[in-house]
Amino acid sequence: MFFFYLLSGLFLGWSLGANDTGNIFGAAVETRMLKFKKAALIASIFITLGAVFEGSGPANTLGRLGSVDALAGAFTVALAAAIAITLIVRLRIPVSTSQTIVGAIIGWNFFAGRLTDYRSLITIASSWVIAFVLSGSIAALLFYLAKPWINRSKVHLLEQDLYIRYALIVIGAFGAYSLGANNIANVVGVFVPVSPFKDISIGGLFVLSGVQQLYLLGSLSIVTGIYTFSHKVMRTVGKDLFHLSPITALIALLAEAIVLFLFASRGLYNLLLSLGLPTIPLVPVSSTQVIVGAVVGIGLAKGGKNIRYNILGKISLAWIAAPVIAFIISFTMLFIMQNVFEQKVQQETHYIFDRITITKIVNDGYDNAALSVVNGRRFDSEQDVYHELSEQHSLSRQEIVDIIQIAEIYPLKVDTIKLTQSGMQRQFSAAQLLALRQYEAATYRHKWQLRQVLIRYPGFELYEAPDTQLKKEHNRRIEDQLNTLYRIFMVEETG
Amino acid sequence: MALLLKTTRFVESQIDTFLDMVSDSATTFQLAIEDYLGERYEQFEERLTKIRELEHRADDLRVSIERFLYERTLIPENRGDVLAILENTDEVIDNIKDSLLQFSIEMPDIPSELDDLWVQTSKASVAAVEQLVFAVRSFFRDLAAVNNYIHKVYFFEREADQIGEKLRRKIFGMNIELSQKSQLRFFAIHIEKISDAAQNVCDRLSIYTIKRQL
């Protein structure tokens, strides 16, 4: 059943392979510097490597925006994103799955009565604009650096061509790797919470996690897209965008690859963290918009001639119109899926304000008076709780979100055998596993109860007020691990 | 990569050799004209033979370069432009050879008072060809310098036209048979055509240079 539902994600992957590979190898193929077969092979290999080894960063960011917790829901969200992108691309607006998937996820949040994490949404949406501007700036800078160097180098045209050809392959491979890492989240990201894949050890040397297997499957759909449909698109992109010389095409490609990498690399993110430098959010961005940004940047560096300024308007429109269209399609399709096809598009969630949760909320320092409206009540939707509490005007949005998390009923039973069977135990240290074993078979009604127990143990300790990015990152990692445990230890509510 | 680099360098050397031949043809042409005017006909014929050989070898070389560029798909983006440059440059040698061949066939009787203008016209045409060779070499290695050479080609082409016009006026002002006047005019125009051919290459070259600029 999972594989049937995954089809919509794979369709997205196919569309990504067919459309976005052109942004990497379009110039090389159109200028006949590289044959399609070679370009397709390099793209396939490196997109897959990028997706499997570095795809988790952007996927986590997307996951924070909304965690689709039912298979049919994930199917519908991915399908809505795919339909939205097909519609918008027909209008010749440069858009990518990055924009439509966000709208589709928010559509699910609204339909399922979940709250949208606006901080993540702002991070994601601002990244689209930043990626576009950054790519233009990097391309312009590279152009300024390359121009005098190339003019001075006096390399023979034929040799220069040879070097460009190799550079197109190397940078194209880097671009493909970055594209895979950055965009795989769009393809199968929504399926991560519902993925049934277990970790596989390959010859005892290498462990392919369940999520990586999902990414691998997504990559295969991208590869199918590359081989079945990308040739035409590559030629079109090449013609449309690359009325450039091979050198400027190379500069644009390098700028695109760098930007995609910056927004995808966990390694770079951690490096910046450890150096105390500001980090770049790991967010899926649109490769089409990034390459257009690079071309515009080069155009400006050349003096602003021959730039089609209407493309900027189209891109700005895409930032807003694409998520909105995807939102509407997603919401409508979820409604149909649930009410016509009677599919479970979300897990039922309940929120209770009993003695235990109220005590916890008060102990955590939240305003007691505001809780009177919910005291003793049970809710079936996050948004219902939010509306009740927000009418009190004494709690901020974030405080309400925290209170909702405390009130959420999420029955758990510590079961390390289940953890081992799922293959997820590899993600935990020996100290963490030891802590878990001490609570074997213990049951909890709320996530925070397990969390409260575990964070006292080494390996699960959290910084109370993280003042550096490094400490914040540590906390985030532990929270991600705890989320994994919640998912695995979840049991049916017994009454 | 090493193999492709080796091939690339080989083609580069072939292009250089081709341009050397163009340059040699132009210089030889100048010497041949001086021989003809100095009535050293035997030496003139030797030079014509040399130019014929150069023209033949240049043709073969050009075909070989074209074949390499296509077979090894080198410079796919600039291939058409490079081939056009080589073919048009080859036409310059053809013009040089044709001009000398006509001298050899018709053996025109050139009055000695025309010698100076005759030499000046051919010198201007040859200078245009030599500057063209520099321009083409620069197109491959030093794009920034191309326009300087193109400018000089245009200069010498105008110079050849002007002196050529003077030569033709002088021919028709002389007291000789109309048939001889007509014949000499034909030869004067032939020499001017060499610089015209050089200019034609430059017209294309200047566009290709813009295309290649960053």
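I took two strands to pair where DSSP finds at least two bridges between them. The model I consulted is a predicted one.

**Entry: the sheet of chain A**

I looked up the bridge partner of His350(A) and found Ile409(A), which lies in β5(A). I then followed the strands concerned: β3 of chain A, residues 350-352, pairs with β5(A) over 2 bridges in the antiparallel sense. I recorded the whole sheet as open, with 3 strands in the order β4-β3-β5 (chain A) and antiparallel pairing. I noted that β4 (378-379) and β5 (408-409) of chain A are the edge strands; each has a single partner strand, so one side of each has no neighbour in the sheet.

**Entry: the domains of chain A**

I listed domain 1 as residues 2-339, domain 2 as 350-409 and domain 3 as 412-489 of chain A. Between the centres of domain 1 and domain 3 of chain A, taken over C-alpha atoms, I read 32 Å. I found 9 residues of domain 1 of chain A in contact with 9 residues of domain 3 of chain A. On the domain 1 side of this contact in chain A, I counted 3 nonpolar, 4 polar and 2 charged residues.

**Entry: the contact of chains A and B**

I turned next to the contact between the chains, to which chain A gives 18 residues and chain B gives 19. On the side of chain B that touches chain A, I identified α1 (2-37), α4 (115-141) and α5 (143-173) of chain B as the elements giving two or more residues. I noted that α1(B) supplies the largest share of that side, 5 residues. By class, I entered the chain B side as 11 nonpolar, 3 polar and 5 charged residues.

Definitions and conventions:
Residues numbered from 1 in each chain as written. Chains lettered and ligands numbered in written order. Predicted model: local features only at pLDDT ≥ 70, side-chain atom pairs only at ≥ 80, totals over all residues. Domains from an automatic or database assignment. Contact = placed C-beta atoms within 7 Å. Nonpolar A, V, L, I, M, F, W, Y, C, P; charged D, E, K, R; others polar. Helix = DSSP H or I, 4+ residues; strand = E, 2+ residues; numbered from the N terminus.
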